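Hi,

Here is the structure I promised to pass on. Have a look at it first, and my notes come underneath.

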Amino acid sequence: MSKDNPIHVALVDDQLLVRSGFRMLINSQADLEVVAEASNGREAIASQTLAAADVILMDVRMPEMNGIETTEYLLSRELGDAPGPKIIVLTTFDLDEYALAAIQAGASGFLLKDAPPEELLDSIRTVYRGDAVIAPSTTRRLLDHVAPMLRRSSLPDSAHVKAVRSLTPREREVFGLIANGRSNPEIAAGLFLSEATVKTHVGHILAKLNARDRVQAVVIAYETGVVSP
């Protein structure tokens, strides 16, 4: 993205000082621009500008309508092939239930509000490109914690189990590496493939799993036992 065509970012947080800080940080970048703000979920869903943003930073705890409910609503309004906004849920609480709820609601990432500024900015760019982002400090602990629950909820003939069975041997191999947190370059190096080939495999995997992004794919991997704690 360039200064003439920046990534449009929206902020949803009930604390004005938090929004002001994020706005100044984001607008200091040539390739990013804050285009809309809301102080709660109800304001967010009523704003056409906000819903049209490329990436939304969403506070998880807000009055009237929390970030999880707002994420579910905004993403349910996707029409046809038109992509919905990418949503990064922000919280000051490093709690498993909030992270899992955010991912299950369709968020593309989960970050703590006290993450370093560079991590927040990189997360916006990463999510915009189509890769999911999740706070490294929460990823493994979160999924290890909820894995038994996810597997218990997965029936032997569930859609996710059938989708995993439909993967080719190479796709299954790439899927396992995605679930273990490997990036495309790391997968390419490990399997002696080009990054373009890995990207193609990832696209096929997400399509077969009907997963929005890599985070949802990882959740499916734990649910179906492809990876274990």
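Below is what I found, starting with one helix and then moving to one aspartate.

A bit of housekeeping: this is a predicted model, so to speak of local features I needed pLDDT of at least 70, side-chain atom pairs count only at pLDDT 80 or more, and totals for chains, interfaces and linings use all residues. Residues are numbered from 1 along each chain as its sequence is written, and side-chain values use heavy atoms, with hydrogens and water left out.

Helix α11 covers residues 195-209 (helices are DSSP runs of H or I, at least four residues, and strands are runs of E, at least two, numbered from the N terminus). Its end C-alpha atoms are 21 Å apart, which agrees with the 21 Å expected for 15 residues at 1.5 Å a residue (1.5 Å times one less than the number of residues).

Val198, His201, Val202, Ile205, Leu206 and Leu209 are the buried residues of α11 (buried is under 20% relative accessible area, exposed over 50%, partly exposed in between, with a 1.4 Å probe and protein chains only). Down the axis of α11 they fall within an arc of 135°, so they line one face (the arc uses directions from the helix axis to the C-beta atoms). On the other side of α11, Ala196, Lys199 and Ala207 are exposed.

Now Asp13, in the loop between β1 (7-12) and α1 (16-27). Asp13 counts as buried because its relative accessibility is 3%. Its side chain makes a polar contact with the side chain of Lys113 at 2.7 Å (N or O atoms within 3.5 Å; within protein, one must be able to donate a hydrogen and the other to accept it, and residues adjacent in sequence count only if both atoms are side-chain atoms).

Cheers
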